Each structure stands twice: as C-alpha cells, then as structure tokens.
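Let's take a walk through this structure together. Have a look at it first, and then we'll pick out a few features.

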Amino acid sequence: MTFRTLTKYLHKDSNTLAHIFQTYVQSKQLSKGKQLHAQLITSGYPSSTYLTNHLLSMYAKCGQIVYAHKLFDEMPQRNLVSWTAMISGFSQNSEFSKAISTFCLMWVSGESPNQFAFSSVIQACSLLKSVQFGKQIHCLAVKVGFSYELFVGSNLADMYSKCGLMFEACMVFEEMPSKDEVSWNSMIDGYAKNGYYEEALVAFRKMLIEDVAIDQYLLCSALCACGSFKAYNIGRCLHTFVLKLGFEPHISVSNALIDMYCKLGDMDSGSRLLEIDSIATNIVSYTSLIDGYVECDQIEKALNVFVKLKRQKIEPNEFTFSSLIKACANHAALEQGSQFHALVLKYKLDQDPFVSSTIVDMYGKCGLFDHSIQVFETISKPNEYAWNSLMGVFAHHGLGHKAIDVFNRMVTQNMKPNAVTFINLLNACSHSGLLKEGLSYFNSMEQVYGIKPRSEHYSCVIDLLGRTGRLEQAEIFIKEMPFEPNAYAWCSFLAACRKYGDKERGKLAAESLKMVDPENSGAHVLLSNIYAKEQQWEDVRSVRKTMKDGNVKKLPGYSWVDIDNKVHVFGAEDWCHPQKKEIDLKLDSLLGKIIEAGYVPDVDSVPLDMDDDMKVKVLHRHSERMAITYTLIRLPVGKPIIVKKNIRVCVDCHSAIKLISKVEGRKIILRDNSRFHHFVDGSCSCNDFW
C-alpha cells in the first residue's frame, strides 16, 4: 500500500495514524515517519493538536529536536501534552537550558504542569547542577501537589544528591509515601557519589528489608560504595548476591565488580574476573584494572594491561590515559609519560580537562615545568583542575611568585578557586619563604572565597611558619587550631625545630607526632638529629635504642634515575651495579674537582658519633651523588640530569651538587620527597631555602 493510498484510506482516522507514528518510533524508522508526515502535508490532511503532539514526540524521541521545536512553534493551539512532550524532548536531547525555559513559558501561558513535565525539568536542573532553580521547581511541585508523586520525588532526590545536597535529598526521600527501585537507587547512588559510603550501604540494607526489586543499577551503586568504603567482606557478600541473582552477565555489573576489587586492592580477584568475562569486557573493565594497579603502585602491570587492550583493538579513553599518565607522574617516568602524551594527541583527547591536567602534572613531577607551561597554554578552556595542576607544579618547584601569578590569572578569568587551589598556593608560599603572602591567602579563604580551611590548610601554615623560623608563632597557631594537628603538621614543625636547633619544642613535637602516628620513624630520626646537632650523643643513642626496642625502622635513603627505559636505583648501603667500579672512579674524581672549587664537607649532616674523616666518607657515598655520577657517565653532554630521591636532600649534598653542576657544566634536576631543586652553574633554584 502506497503512502498516498494509506493517507486517503485513513483520511479521518487520526488514532490509527498516531499509532503508526508510535510504531515508527519504537522500530527506529524515522525516515518512514518523515515520509508519512510529508504525505499528510501534500495530501492536505487536516492538522490537529492531537496528531501534531505525536509527530512532535516522534521527532524528539528520534533525536530530531530541531524538527520537533519547529512543529511546536507553528502549532496554532497547544495543550498540556504538547508542552510536556517539548520539555521532555529538550531534556532527553541534552538541551537542558531550553527544557527549563520551555517549562517557564508553559507556566506563564497558564498551563499547569503534570508529573511528567515536572520530572523532565527537574532532570534538566540536575544535569545542569542548577540547584537554585531546582529548589524553585520543588516549591512549585509542592504548591500544585506533585511533590509526593513517585517520579517527581525520585527526580528531586536525584537532583539534590547530584548537586551535593544530601540532607535535602534525604528529606525528599523520607517524605515519599511510596518508593521503587529507581528512588532507592537515586539515594544509594547519591550517597556513594558524595562520599557517604557507609550510608549508601545502610540504605541498601534497608531496601533489602523492604523487599524492593533489585536491578543492575542498584547493584552497581552498592558495589561502588563497597569499593570506596574498603568494605571487603560486604563486597564479597555482594558478589555472591550477584551470582545468585544471575546478574554477572550484565556488563555494567561485571565492570562494577572489577572496579570494586581493584579499589579494595584485591588485584588478583579483579584480573581474574576480567579473564573469565573477557568476551563481555570493554574499555571500562580494562581502565578499572589499570587504575587499580596504579593505586597499588604496580606501574609495570598497569602498562601490561594497556598493551593487552591495544592488542584486542579496544580503544583507550580519557580515563585510561588519565590513570596511566598519573602513574608516570608518581614515578617521574618521563619517557613513558611523553609516549602517552603523544598517544593522547593521536586520539585527540588533549582538550579533555582531566587528561590535560594530568599531563601538566606529569611534566612538572618529572622536573620539566617549562613543558607543563607549554601544555597548559594549549588548553583552550582550562578548568579548575588544569589551573590547580599548574599551580601545584610551581609549588613543587618552589616557584612561589609564579604560583601567585597563576592564582591571580585564575581569579581574573572568573574561575572560582577551591580547597585544592589553596593547598597548592600555601605550599608554594611555604617553599619560597613568602610568609606575609601565605598568611594573607590563608585568612582570605573563608572571608573572601567562602572556603572553610581544613586540616591540610592549617598544616601548610604550620609548615610556612616553621620554615621561616617563626617557631613560637607556629606553636601558638597549633594551640589555637580548631582541631588536633595531623602527622604532616607535627612532622613539619619538628623539621623546623631541627633546622633552627630548638630542642625543647622539638621534643614536644616528637612526642605529639608519636601519639598521632606511632609507626612514623620521622619523629625518632628528627629528634635524634636535634640531639646530634647539640652533640648530645647519649640522647642520640637513647632515641635509637627506643627505635630498636619498638621495632621502628628508619626509612633507608635511595635515589634512582631513568635511562633507556630502565630504572637504576642507588642506596647508601649494600648497593650493587654492573658499572660499580666505573662509578666509584668517577665519584672520587668529582670529589677532587669540587674540593678545588671550594667544597667544604658539612660533617654536621651526619648525625652519628664518629670522627670527621669517617663522616666525609659517609657523605661521599650518599645515594643522590652516586645516581648523578652514573648519569654523568651515561648521558651525553647537553642533556639535563634528572634524579629522584625518596627522602629530603641533606645540606651537604645540596652544597656538593651545586658545585658538581658548575665543574661539569651540566644542569641537574633533583626531586626529593618535598620539592624540586634545579642546579645550574653552581647555584640552585631554591636559593638555599627549602
């Protein structure tokens, strides 16, 4: 039957035509729907609000929102169905602002919205994170009596939770007279995504008691909460639950299980699940496994998973690259990080805010902050993550004034700073000795930007005061804090006491640090160093005996370099290397050169009771010097030397490396556990303040 015959036969049967349009929507046959619409126009079929509403719905549901909007604008008469179809259409096609404006026009025109219109506009508010307008819609729903309706209530709870207002979400949920799996999932998912993992699991248990039907979405939310809450036993029970209900073949549930085990650190179970369900896996499964290995500091296994997914011709996404580049940043693996940067450009993901931010961070942590600047400048619309990454790079390199410039640019471009912004900014001020500026920014947090300082911010201020020698002021600040200082704060204060030789405050800080973090060897080591500086060797021996009796082991110092995609590790004791003899000869040669250039060993850097000649030999074998020596042998002239160290560089090595950079004519970049040092021609970027 031709369309012309069909339209003639159904000339006065709008119900049947409407049914045909619905069939075309369900079978995704938009082209036939368009042809029938065209035949109706050319045959002069009389237009009606009823039939136009079905056409409008067809175009909207098939993604042709422009056609739908044009039809809507040309309608001589609209009813509740017309407005609702248009609002839903805009919301379903990600035109959220238009959904909200159409809802407003509907209300102004005098048409009272129904529960479907309310649900659609609330979804639009949720996805736009427009909580203020969402609250107004909530008030309107209460006014017209739809706030307790199941769909409206579920969407309101979801809107509040996605905007981070869990108290309001909970209030809406509790007031709902009836709840289904959708409303329960809104709450459980909201709790999980806002960091209320225990509450999410409690809600899941309540849902089970109320005998609500369980679907894959509820299971995914509960598994996510288990992984983040580190609830291993509950997670195992949920896995059994998944198997019992037969949900394991669902790829979303399978991915959630893999992600849960990876977050729990059970990489064997996570990788085993991936192997079992290898046919039903996708990039989400592999990315979860990669992220798990990265968090467990197993970078080689993360790289192997990446190679495996590439062999299976699975395309990596922005989350895959973010995890891998983060791993390269943490290990300062420049060569691998650069390769991933090239792949990011190949896949055209360089404008993704998360990927670009991790690249900025990676180059910074590899010592090349100029590369970080170049990458940042290529980002067309940097978000707060990118700004914070660049600020963090400058902080890590002790470039306080540059970090302040970035902050000023960020504020000028109407980008609102957050808690992380101020941690980076305060760290930058601390490592550069910018006391006045740092205190000013700390005081402005709540007064100007409405950000309540957390323990991390207070710790940064303690570090700032300590590094600049304001030990009395730091002690007063600690006493006036609204909560107890954390381990980082006490460690910073103790290090400052050691630097400035304040024995009494050092003992107080050490005792406090041992109470907060009993297994932290830093308290004993730094206190021992304070006594050693005063040559109180009996006290030094007493502290070391306490460490031995308590089985507290000092973290051994070691340094490493990356050459030809291989990591070479050097330690002050019991180290071996294929080129050990060559390194020893070069090391002795360097010592002679720097002594001629004015090097005088700082024997106070060795907090041990031994003669000065022995102390000089100990200093000569510090791990960073061996790593630099090996790199001088291997790398061609002109290439910067990048060395990583797990603990703070000592004063003597700092002086020695400055002179090595001068006598060898090489740029040396050293990353210790707190910052970067750039040594060039006998001077360091830190200006001897670190």
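We'll count a disulfide as a pair of cysteine sulfur atoms within 2.5 Å. Keep in mind that what you're looking at is a predicted model. So how many disulfides does that rule give? The count comes to 0. A couple of cysteines show why. Take Cys-163: its closest cysteine sulfur belongs to Cys-125, and at 8.3 Å that's too far for a bond. Cys-224 tells a similar story, because the closest cysteine sulfur, in Cys-220, sits 9.2 Å away, again too far for a bond.

Now for the repeats. An unreviewed UniProt entry carries the annotation "repeat: PPR" for residues 79-113, 180-214, 282-316 and 383-417. What do such spans look like in the model? Residues 180-214 are 74% helix and 0% strand, and their end C-alpha atoms lie 10 Å apart. For residues 282-316, the chain is again 74% helix with 0% strand, and the end C-alpha atoms are 10 Å apart.

Let's zoom in on two helices, H18 (residues 283-295) and H19 (residues 299-311). They pack at an angle of about 165°, with their axes 8 Å apart. Angles over 145 degrees count as roughly antiparallel, so that is how H18 runs relative to H19. Their crossing is left-handed. On the H18 side, the contact is made by Ile-283, Tyr-286, Leu-289, Ile-290, Tyr-293 and Val-294. H19 answers with Lys-301, Ala-302, Val-305, Phe-306, Lys-308 and Leu-309. Sorted by class, the contact between H18 and H19 has 10 nonpolar residues, 2 charged ones and no polar ones.

Terms used. Residues numbered from 1 in each chain as written. Predicted model: local features only at pLDDT ≥ 70, side-chain atom pairs only at ≥ 80, totals over all residues. Heavy atoms only, no water. Axes fitted to C-alpha atoms, helices over the stretch in contact; angles between N-to-C directions. Helix = DSSP H or I, 4+ residues; strand = E, 2+ residues; numbered from the N terminus. Parallel < 35°, antiparallel > 145°, perpendicular 65-115°, else oblique. Left-handed = near helix turned anticlockwise from the far one by under 90°. Contact = heavy atoms within 4.5 Å. Nonpolar A, V, L, I, M, F, W, Y, C, P; charged D, E, K, R; others polar. UniProt positions renumbered as here; feature names shortened; annotations may be inferred.
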